[in-house]
Amino acid sequence: MRLSRNTLVLVAVDLALVLVAGWVAFWLRFNFDIPGEFDRLARHSIPWTLAGYATGLSLARVYRQVWSYIGLPELRQLAVGILLGGLLSAAAILMLRMQNFPRSVLLLQPLIALVLLGAARAGWRTFIERRTLGRGIGRRLVIVGSLQDAADALRALKGSHQWEPVAIASPVASEVGRSIQNVRVLGQSESLIDVCEMAQADAALVASPPGSPERHEALMNAAGARLTLLTMPRPNEWLKTDSPGPRKIELEDLLGRSPVQLDTAQLADLFSGQTVMVTGAGGSIGSELCRQVARFGVGRLVCVDVSEYAVYRLEQEMRDSHPQMHGLYYTANVRELDRLRAIADKHKPTVILHAAAYKHVPLMEELNEIEALRTNVIGTLNAARVAGECGARRFVMISTDKAVNPTNVMGASKRLAELMVQAVAAQFDRTQYVSVRFGNVLGSSGSVVPLFTSQIARGGPVTVTHPDIVRYFMTIPEAAQLVLQAGLMGSSGQIFVLDMGEPVKIVELARMLIRLSGRTEQEVPIAYTGLRPGEKLYEELLADDETTEPTPHPKLRVAKNSTSLPDVAGVTQWINEAGPFPAGGAVRDWLRSQVPEYTPR
């Protein structure tokens, strides 16, 4: 390996310090009075000492270290190199059988060398850090969290020219007044504003875990003081070169969802090199399913969506992020069986993920009831049939918590779609059919978060239907990952229910989004508008007559029910013959006959 000029200089410094350590060892051995004989022995041992330590340090690859970023791992590496060098030089000198050579020197020299070489590195790093801090170019930053959390954040911020940690606000009262890496705990996190004023900082890095009370408390305190709240990047963001440092805190950081445990080996076996078809691929969930599947090395990804623009955006993204993947992008409607069948027959997908659906409750409740049935019921039936006909191994349908004891047309249509999937599953033994229910997804198209964000941007008011309304929430990646995991685990005909955690009050969600924008409720008021048609105060994940069974995955349970399967031909005939604009009451009456638990409001 060719060494640079700077590396050769550092190697020379190391070897010079090794020689100094040897002379110091001789001086210590003879109480600083070295007779001529031992002076001669010391000089004769120099070549062997240099050769031994050079070999030891080279074997430990110490020459690759950058002194400006030296730390405990590098010091341990240095200790190994010096130990090897000491053993090699001692072996060489003992083999020469130098008379009267003091063996204690062979023990003292490595210890002294470790001190000298370690001190040189620590001194250089201290000099570099002080020179960097002296420039004053970093923005002053307060870290919010315990000393353990702050230590992790300080390590991540080392060498950053953009941020300068100047204080810590800890939730632990006993830690106030203590310091870590010369950064002092000036107060508790509940006094964050006072800590920032004392430290003359206008930004705070919340190092506490996602969903912790400290994060929520910091957000509520920061808005009135115009304090910028930051957090460290997510694990997947560390891989991106454009986001190596702190980012602004987001809603999912406050809600705190634990990472999903995936059976990556089995998922890789299922998707790697295979053909996967995703319907509704341009939507929030569908596009995330495409991203997750692409991570597992899918051989061919067939993306189907009725929206031309959505397909175009997905195509541009996937070609940029996965240029090696073979992607095919179709504009097609799942309600058109022949088109769907032609696409599946051409590519023979191994797995079909069915995410195409109408999901907006108020929009489907009035004027568009028949559209919900044609897309959510007939579209699902078409996709399920095509999966069986083309010999797909697995078919996964995306369902919703609104299918449980539905009070609206959208929820009832999704419940009927679940039953249609179970009916088709009985016809095709080679294909495993499963449905997956989950609640609201943060940031998905048509969800409450984008609506609130746009209302806040206009200055309010933020409209909440009821002060007590609650919903379950999860992030888009979490939902997509659990869908894949359920598809891997499921037996044909099963309905999986995702663990959505604790329900969240929508009004609290609105308050958090207002504070995240840097404003208060006085500046952006909240207005209550009343429940909309078909809307419930509380969403359920299981129907009253259902029970659940645990699965090996902690966030997945299997729903069991005794509902009889529908007459597929009769359902199809009624929807096809309903006409372009059937009366809403007629649609609801028919839905009640197909979904007994459906009780319209």
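**Exercises on helix α10 and the sheet**

Ser 287 lies in helix α10, which covers residues 284-295, where helices (H or I, at least four residues) and strands (E, at least two) are DSSP runs, numbered from the N terminus. The model is predicted, so local features need pLDDT of at least 70 and side-chain atom pairs count only at pLDDT 80 or more, while totals for chains, interfaces and linings use all residues. Residues are numbered from 1 along each chain as its sequence is written, and side-chain values use heavy atoms, with hydrogens and water left out.

**Exercise 1.** Decide whether Ser 287 is buried or exposed.

*Solution.* Begin with the cut-offs: buried means under 20% relative accessible area, exposed over 50%, and partly exposed in between (1.4 Å probe, protein chains only). Ser 287 has 8% relative accessibility, and therefore counts as buried. Next, consider the whole helix: 10 of the 12 residues of α10 are buried, so α10 is largely enclosed by the rest of the structure. Among these buried residues are Ile 285, Leu 289 and Val 293.

**Exercise 2.** Find which strands stand at the edges of the sheet.

*Solution.* First write down the order of this open sheet of seven strands, which is β3-β4-β2-β1-β5-β6-β7 with mixed pairing; two strands pair if DSSP finds at least two bridges between them. Then look at the edges, where β3 (179-180) and β7 (247-248) each have a single partner strand, so one side of each is left without a neighbour in the sheet. Finally, take one pair as an example: β1 (residues 139-144) and β2 (residues 163-170) pair in the parallel sense over six bridges, and the bridge partner of Arg 139 in β2 is Trp 163.
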